[in-house]
Amino acid sequence: MRYMATYDLMETMRNTNQWLGATASAMASYPAMALVPNPALQWMRAWGEVTERTFQRMVVKPDWGIDSFTCEDGKDHIVNINTLVERPFGDLIHFDVSGRAPMKRKVLLVAPMSGHYATLLRSTVKSLISDCEVFITDWHNARDIPVSEGKFDVEDYTLYLVDFMKHLGPDIHVMAVCQPAPLTLAATAYLAGEDPKAQPRSLTLIGGPIDTEAAATEVTDFGHRVTMGQLEQTMIQRVGFKYPGVGRMVYPGLLQLHSFMSMNAERHSKAFTDQIMRVTRGEASDHDQHNRFYDEYLAVMDMTAEFYLSTVERIFKNNEIAKNTFMVKGRPVDVGKITTVAIKTVEGAKDDITAPGQCVAALDLCTGLPDSKKASHVEPDAGHYGIFAGKSWRNNIRPLVLEFIDANSEPQTRKPANKNTAA
């Protein structure tokens with residue numbers, strides 16, 4: 001029962017605020033109230049509408065919203081989201097465009113497990129689906145996973161990626177965004193040592209903390225400042241009685257959201273105040289800029305306690321990937337064994353979460369890889385989200401990544417040319 005009451009208390013507070021918002025909106029919208037027009041009632045209705053939606057979407061997984069795609073034939077084709085590999089803690093899914101011939105480029109997007117759902121990469125998927133067969137890791141909310149399914153830590157995460165890569169075959173090009181970058185590099189190195197033929201053609205690491213000591217940020221400072229005991233006491237709770245994962249130890253999504261919001265509290269407060277006034281004036285809509293952003297930003301998921309704690313301890317505190325001391329199930333993972341997978345790193349010059357220098361460190365670790373298969377790019381004026389979404393990604397980074405993929409789409413091993421062949 002330890003910390004279960006706290007988890008249920010947080011959910012009770014969220015549910016109460018949702019109810020208060022719905023009640024305020026309903027009361028202010030009562031027909032009789034229209035007899036005496038009152039700006040305060042209009043504000044009350046707007047406050048209630050914004051508040052109800054805000055607290056409701058905290059526990060709802062966003063929809064991908066990718067229903068169709070216009071192909072080169074000028075026709076709209078239905079996009080089917082198919083589950084290829086179904087596992088307790090995460091699935092491998094495919095965005096299958098009906099009626100379109102299979103694309104030559106096959107891209108596996110490794111989505112972060114850092115508080116938000118894989119739908120955070122919706123715009124990235126949309127930008128790639130026109131030129132690639134897109135696959136993505138769809139991680140599950142830990143609160144919905146029964147304790148009978150066991151644990152899930154950084155080693156289990158790495159083995160999931162190994163299985164997904166094996167399922168898709170060696171023609172795949174892997175792209176890891178932010179948090180999964182070091183573990184994706186480890187999964188590739190694991191394949192290099194255990195099953196070299198299953199390695200992907202290329203690996204693109206976008207804004208990932210490969211070497212957390214290369215450049216300090218608020219995130220790395222926090223990781224070094226607190227002890228593991230403090231984290232376990234203050235961040236870890238048991239899932240309450242409302243969900244299938246009751247009793248599972250997790251880092252709650254609502255607690256993570258509090259951390260996200262507190263980093264830019266003034267900015268978020270102003271955004272919600274402005275939205276309430278827009279609703280009051282009748283200028284807001286269901287899919288306006290505010291709602292599109294916060295529908296995704298506020299939708300958070302729980303992480304298993306062992307995954308969160310092992311990430312902090314092994315990736316940030318011990319820096320095991322950068323020191324090449326990472327192990328999976330007792331087996332050392334040597335990044336130097338990667339000799340055929342082309343690797344590209346992408347960083348944002350203004351990234352305050354994974355500062356420039358942390359991700360490009362991966363190239364120095366790949367001692368067995370020739371320089372011809374290494375590439376890096378630093379995007380000027382781009383922050384953390386800009387390097388995988390928005391104009392910086394669409395206009396500058398995406399073309400470079402596709403060019404890198406095309407340059408490394410040939411089989412990793414080629415038969416030597418016959419010198420006796422006539423010219």
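This report describes the cores, helix contacts, cysteines and selected loop residues of one protein chain. The structure is a predicted model.

## Nonpolar cores

In soluble globular proteins, nonpolar side chains tend to be buried together. In this model, the largest nonpolar core contains 100 residues. Within that core, the residues with the most contacts are Phe95, Ile136, Trp139 and Leu185. Phenylalanine 95 may serve as an example of how such a residue is surrounded. Leaving aside residues up to four places away in sequence, phenylalanine 95 touches Trp64, Ile66, Val79, Asn80, Ile81, Val125, Ile129, Glu133, Val134 and Ile136. Apart from the largest core lies another one, of 14 residues, including Val50, Phe260, Ala271 and Ile276.

## Helices that cross

Two packed helices are described by the angle between their axes and the distance between the axes. The table presents two such pairs.

| Helix pair | Axes come within | Crossing angle |
|---|---|---|
| H8 (residues 253–263) and H9 (residues 265–281) | 5 Å | roughly 95° |
| H4 (residues 154–168) and H11 (305–317) | 8 Å | roughly 95° |

How are H8 and H9 oriented, roughly parallel or roughly perpendicular? Their axes cross at roughly 95°. Because angles of 65 to 115 degrees count as roughly perpendicular, H8 is roughly perpendicular to H9. On the H8 side, the contact is made by Phe260, Met261, Ser262 and Met263, and on the H9 side by Ala265, His268 and Phe272. Sorted by class, this contact has 5 nonpolar residues, 2 polar residues and no charged residues. Phe260 thus takes part in the contact with H9 and is also listed in the core of 14 residues.

The axes of H4 and H11 cross at roughly 95°, and H4 is therefore roughly perpendicular to H11. Here Val154, Glu155 and Tyr157 in H4 meet Phe307, Ser310, Thr311 and Arg314 in H11. By class, the contact of H4 with H11 has 3 nonpolar, 2 polar and 2 charged residues.

Helix H10 (residues 289–297) adds a further case of packing. Its buried residues are His290, Asn291, Tyr294, Glu296 and Tyr297. These buried residues pack against helix H2 (39–56), helix H3 (122–128), H8 and H9. H8 and H9 are thus in contact with each other and with buried residues of H10.

## Cysteines

How many disulfides does the model contain? The count comes to 0 disulfides. A disulfide requires a pair of cysteine sulfur atoms within 2.5 Å. For cysteine 178, the nearest cysteine sulfur belongs to cysteine 359 and is 9.3 Å away, so cysteine 178 is in no disulfide. Cysteine 178 counts as buried, at 14% relative accessibility. Cysteine 366 is likewise in no disulfide, and the nearest cysteine sulfur, that of cysteine 359, is 11 Å away. Cysteine 366 counts as buried, at 1% relative accessibility.

## Loop residues with a positive phi

Most residues other than glycine have a negative phi, and most peptide bonds are trans. Asparagine 324 has a positive phi, near 55°. It lies in the loop between helix H11 (305–317) and strand S11 (327–328). At 29% relative accessibility, asparagine 324 is partly exposed.

Aspartate 381 also has a positive phi, near 65°. Its place is in the loop between strand S14 (374–379) and helix H13 (390–407). Is aspartate 381 buried or exposed? Aspartate 381 has a relative accessible area of 60% and is exposed, because the cut-off for that class is over 50%.

## Other loop residues

Tyrosine 30 is in the loop between helix H1 (4–28) and H2, and it is exposed, with a relative accessible area of 53%. The C-alpha atoms of tyrosine 30 and leucine 41 are separated by 9.9 Å, and the two residues are 11 residues apart along the chain.

Isoleucine 353 is found between strand S13 (342–348) and H12, in the loop that joins them. At 26% relative accessibility, isoleucine 353 is partly exposed. Not counting residues up to four places away in sequence, isoleucine 353 touches Thr217, Val219 and His384.

Proline 370 is in the loop between helix H12 (361–365) and S14, and it counts as partly exposed, at 37% relative accessibility. The C-alpha atoms of proline 370 and isoleucine 338 are separated by 9.9 Å, although these residues are 32 residues apart along the chain.

Notes
Residues are numbered from 1 along each chain as its sequence is written. This is a predicted model: local features need pLDDT of at least 70, side-chain atom pairs count only at pLDDT 80 or more; totals for chains, interfaces and linings use all residues. Side-chain values use heavy atoms; hydrogens and water are left out. Helices (H or I, at least four residues) and strands (E, at least two) are DSSP runs, numbered from the N terminus. Buried means under 20% relative accessible area, exposed over 50%, partly exposed in between (1.4 Å probe, protein chains only). A nonpolar core is a set of buried Ala, Val, Leu, Ile, Met, Phe, Trp, Tyr and Cys residues joined through side-chain atoms within 4.5 Å. Contact means heavy atoms within 4.5 Å. Axes are lines fitted to C-alpha atoms, for helices over the stretch in contact, and angles run from 0 to 180 degrees between N-to-C directions. Angles under 35 degrees count as roughly parallel, over 145 as roughly antiparallel, 65 to 115 as roughly perpendicular and the rest as oblique. Ala, Val, Leu, Ile, Met, Phe, Trp, Tyr, Cys and Pro count as nonpolar, Asp, Glu, Lys and Arg as charged, and the others, Gly among them, as polar.
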